[in-house]
Amino acid sequence: MTVPSGRRERKKAATRQKIADTALRLFLERGYDAVGIRDVAAEADVAVTTLFSHFASKEALVFEQDEDFEHRLTQAVTDRAPHEPLIPALRHEVQALVRHCTADSATPIWRMVEESPALREYEESMRLRHAESLAAAITADPGLPQDTTACRAIARFVIDAYAVAREAADPETALDEIFRMIEAAWAVTRLSGTATGTAGP
């Protein structure tokens, strides 16, 4: 998670975390559908307007690290060292996300998500948004192939790798298998880039 700097930013981050922790506790105790926004705000001792200044919807309360995950994925592209290969950098970040989301403490949360059509729909839209942000970061890197379709496809593969590995019986092995395929697909993209003079690492 990104650590905020400055007193005001730290206070905002603490309030946001308090709201998210309260919401998750209530959802797991009472059931997602049985808890309303006002219930969360009252339990967290904040105004409803304050809650909405941090979270755009009830679903967003469950995926409170959504923006942080998205930022980490794009940073895996933009913060690479010169000539550092793209796919290993993305694999390292996805592996960290999978480990976070397959911890024992996350099991009841994912069970809740699976049981809620609204949460499943929100997660799918979140994954699509992450893929578009990742594709934009790859396409914007002047050292990488500039084929927009290929970059969007690779980005979708990476985001789907996270989802598939998270649900696998052996997430680490699944991630290894998936990223071997992604590496092969990226190699083809680089070969195409070589033909047009736009190949990168």
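**Warm-up**

How many aromatic pairs does the structure hold? The structure holds 3 aromatic pairs. Here, rings of Phe, Tyr and Trp (its six-membered ring) pair if their centres lie within 6.5 Å; planes under 30 degrees apart count as stacked, over 60 as edge-to-face and the rest as tilted.

Before you go on, note that this is a predicted model, in which local features need pLDDT of at least 70, side-chain atom pairs count only at pLDDT 80 or more, and totals for chains, interfaces and linings use all residues. Residues are numbered from 1 along each chain as its sequence is written, and side-chain values use heavy atoms, with hydrogens and water left out.

**Exercise 1: A pair of rings**

Task: Classify the ring pair of Phe27 and Tyr32, and decide whether each residue is buried or exposed.

Solution:
- Step 1. The ring centres of Phe27 and Tyr32 are 4.9 Å apart, and their planes make 65 degrees, so by the cut-off the pair is edge-to-face.
- Step 2. For burial, use these limits: buried means under 20% relative accessible area, exposed over 50%, and partly exposed in between (1.4 Å probe, protein chains only).
- Step 3. Phe27 has a relative accessible area of 2%, so Phe27 is buried. Tyr32 is at 6%, so Tyr32 is buried too.
- Step 4. Elsewhere, ring pairs join Phe63, Trp110 and Tyr122 in a cluster.

**Exercise 2: Domains and the core**

Task: Find where the largest nonpolar core lies with respect to the two domains.

Solution:
- Step 1. The chain is divided into domain 1 (7–57) and domain 2 (66–191); such bounds come from an automatic or database domain assignment.
- Step 2. Taken over C-alpha atoms, the domain centres are 28 Å apart. Contact (heavy atoms within 4.5 Å) involves 5 residues of domain 1 and 6 residues of domain 2.
- Step 3. A nonpolar core is a set of buried Ala, Val, Leu, Ile, Met, Phe, Trp, Tyr and Cys residues joined through side-chain atoms within 4.5 Å. The largest one has 57 residues, and Phe27, Val40, Val62 and Ile138 have the most contacts inside it.
- Step 4. Domain 1 and domain 2 both give residues to this core, so the core lies between them.
- Step 5. Take Ile138 as a sample: leaving aside neighbours within four places in sequence, its contacts include Val77, Leu86 and Trp186.

**Exercise 3: Salt bridges across the chain**

Task: Work out which parts of the chain are linked by three of the salt bridges.

Solution:
- Step 1. Side chains of opposite charge can pair when their charged atoms come close. A salt bridge is a side-chain nitrogen of Lys or Arg within 4 Å of a carboxyl oxygen of Asp or Glu, and the whole structure has 13 of them.
- Step 2. Glu43 pairs with Arg25, with the closest N and O atoms 3.1 Å apart. This pair links helix α2 (residues 37–44), home of Glu43, to helix α1 (residues 7–30), home of Arg25, across 18 residues. Helices here are DSSP runs (H or I, at least four residues; strands are E, at least two), numbered from the N terminus. Arg25, Glu29 and Glu43 belong to a network of salt bridges.
- Step 3. Arg80 and Asp141 form another bridge, with the closest N and O atoms 3.0 Å apart. Arg80 sits in the loop between α5 (66–78) and α6 (86–101), while Asp141 sits in the loop between α8 (117–140) and α9 (148–167), 61 residues apart. Both Arg80 and Asp141 are buried.
- Step 4. Glu172 meets Arg99 at 2.8 Å, N to O. Glu172 lies in helix α10 and Arg99 in helix α6, so the pair ties together parts 73 residues apart in sequence. Glu172 is partly exposed because its relative accessible area is 29%.

**Exercise 4: Positive phi**

Task: Describe the surroundings of Asp45 and His83, two residues with a positive phi.

Solution:
- Step 1. Most residues other than glycine have a negative phi, and most peptide bonds are trans.
- Step 2. Asp45 has a positive phi of about 60 degrees and is found in the loop between α2 and α3 (48–54). With a relative accessible area of 66%, Asp45 is exposed.
- Step 3. His83 has a phi near 70 degrees and lies in the loop between α5 and α6. At 74% relative accessibility, His83 counts as exposed.
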